[in-house]
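Student: I'd like to learn how to read a structure like this one, feature by feature. Could we go through it together?

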Amino acid sequence: MTRPALETRDLSMVYGTGDTAVRALDAVDFQASAGEILALMGPSGSGKTTLLMLLGCLLHPTAGAVWVEGQPLAGLSNHALAQLRLRRMGFIFQSYNLFPALTAAENIQVALELKGRDLGEATELLDRVGLAGRLRNYPRQLSGGEKQRVAIARALAGDPPILLADEPTAALDSVTGRTVVKLLADLAHAQGRAVVVVTHDPRVGELADRVVRIEDGRLRP
């Protein structure tokens, strides 16, 4: 049996202590496989983003375990976790997080340089997301959908097998949002990546291979 790209067992996360403690996740068992796009859906405050951050090695759980491509995260140093993120994961955010003073190509080259890759790969990555003609455009010269596609191209720098996206369509209109979701689905299906998308957007759920619902820190049927 193929091992999951991402897996958690009895994963819990508590913020704070004592009377002010908040249990964001409660004994969550979760899996995501290579070649699928998975939508993680639920109301605000349900624990979606916390789970994504734990999967992305950005938080340490209070209890339970996380595996990335079969490797347990428990016991890894902060440096080792940072290297795992750098080499094996790409992150996509609602707010794009592009550098306004850099062109589309230069925004991607920053990620390529961090990963020790050829800066010329930026052209190929922008072409892959349909933006070959926007190499020299600055973020202010791009539409919301184009900015998000630049962000996706940047997430693909270094060819990571795992993509984690936090509300990537929230700021986009319906047509543009659907285009972005289709692109993420293609990246999962055609290139064998595991794509996990935290979202409120029903368009993501419609195009996802699986929808995992979370409420009050627990996965729901």
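Tutor: Gladly! Let's begin with burial: a residue counts as buried under 20% relative accessible area and as exposed over 50%. Keep in mind that this is a predicted model.

Student: With that cut-off, how many of the residues of helix 1 are buried?

Tutor: Helix 1, residues 48-55, is mostly covered, with 6 of its 8 residues buried. These are K48, T50, L51, L52, L54 and L55. After the helix comes C57, which has a positive phi near 65°.

Student: Which strands does helix 1 lie across?

Tutor: Helix 1 lies across strand 1, strand 2 and strand 4 (63-68), and its direction is at about 120° to strand 1. Those strands belong to an open sheet of 4 strands, in the order 2-1-4-5, with antiparallel pairing. Strand 2 (22-32) and strand 5 (71-72) are the edge strands, each pairing on one side only. Strand 1 (residues 6-15) and strand 2 run antiparallel and are joined by 7 bridges. As an example of the register, Y15 stands opposite V22 in strand 2.

Student: And how should I read the other sheet? In what order do its 6 strands come?

Tutor: The order is 6-7-8-3-9-10, in an open sheet with mixed pairing. Strand 6 (89-93) and strand 10 (218-220) stand at the edges with a single partner strand each, so one side of each has no neighbour in the sheet. On average, neighbouring strands here are turned by 25° against each other, direction ignored.

Student: Where does the mixed pairing show up?

Tutor: Compare the partners of strand 9 (residues 210-215). Strand 9 runs antiparallel to strand 10, with 3 bridges between them, whereas strand 3 and strand 9 pair in the parallel sense over 4 bridges. R213 links the two pairings: R213 stands opposite R220 in strand 10, and R213 is also the bridge partner of M41. On another pairing of strand 3, 5 bridges join it in parallel to strand 8 (residues 194-199), where V197 is the bridge partner of A39.

Student: Which way do the side chains of a strand point?

Tutor: The general idea is that in a regular strand the side chains alternate between the two faces of the sheet. In strand 3, I37, A39 and M41 point one way and L38 and L40 the other way, and all are buried. In other words, 5 of the 5 residues of strand 3 (residues 37-41) are buried.

Student: Which helix packs on this sheet by touching strand 6 and strand 7?

Tutor: That is helix 2 (residues 78-88), which touches strand 6 and strand 7 (162-166) and makes about 80° with the direction of strand 6.

Student: Could we follow one residue, say V204? Is V204 buried or exposed?

Tutor: V204 has 1% relative accessibility and therefore counts as buried. V204 lies in helix 7 (residues 202-207). Leaving out residues up to four places away in sequence, V204 touches A39, T169, V181, V197 and T199. Two of those names, A39 and V197, are the bridge partners we just met.

Student: How do I read a nonpolar core? Which residues touch the most other members?

Tutor: The idea is to join buried nonpolar residues through side-chain atoms within 4.5 Å. The largest core here has 39 residues, and I108, L126, V150, I152 and L184 touch the most other members. Helix 6 (174-189) is among the elements giving two or more residues, and helix 6 contributes the largest share, 7 residues. Beyond four places in sequence, the contacts of I152 are I92, V129, V180, L183, L184 and L187. A second, separate core of 28 residues includes L6, F30, C57 and V212.

Student: Finally, what describes a pair of aromatic rings?

Tutor: Such a pair is described by the distance of the centres and the angle of the planes. The whole structure holds 1 aromatic pair. The ring centres of F91 and F93 are 6.4 Å apart and the planes are at 5°, so this pair is stacked. F93 is partly exposed, at a relative accessible area of 31%.

Student: Which charged residues sit over rings?

Tutor: R9 lies over the face of W67, 4.3 Å from the ring centre. The charged end of R140 sits over the ring of Y138, at 4.9 Å from its centre.

Definitions and conventions. Residues are numbered from 1 along each chain as its sequence is written. This is a predicted model: local features need pLDDT of at least 70, side-chain atom pairs count only at pLDDT 80 or more; totals for chains, interfaces and linings use all residues. Side-chain values use heavy atoms; hydrogens and water are left out. Rings of Phe, Tyr and Trp (its six-membered ring) pair if their centres lie within 6.5 Å; planes under 30 degrees apart count as stacked, over 60 as edge-to-face and the rest as tilted. Buried means under 20% relative accessible area, exposed over 50%, partly exposed in between (1.4 Å probe, protein chains only). A charge sits over a ring if NZ of Lys or CZ of Arg is within 6 Å of the ring centre and within 35 degrees of the ring normal. Two strands pair if DSSP finds at least two bridges between them. Axes are lines fitted to C-alpha atoms, for helices over the stretch in contact, and angles run from 0 to 180 degrees between N-to-C directions. Contact means heavy atoms within 4.5 Å.
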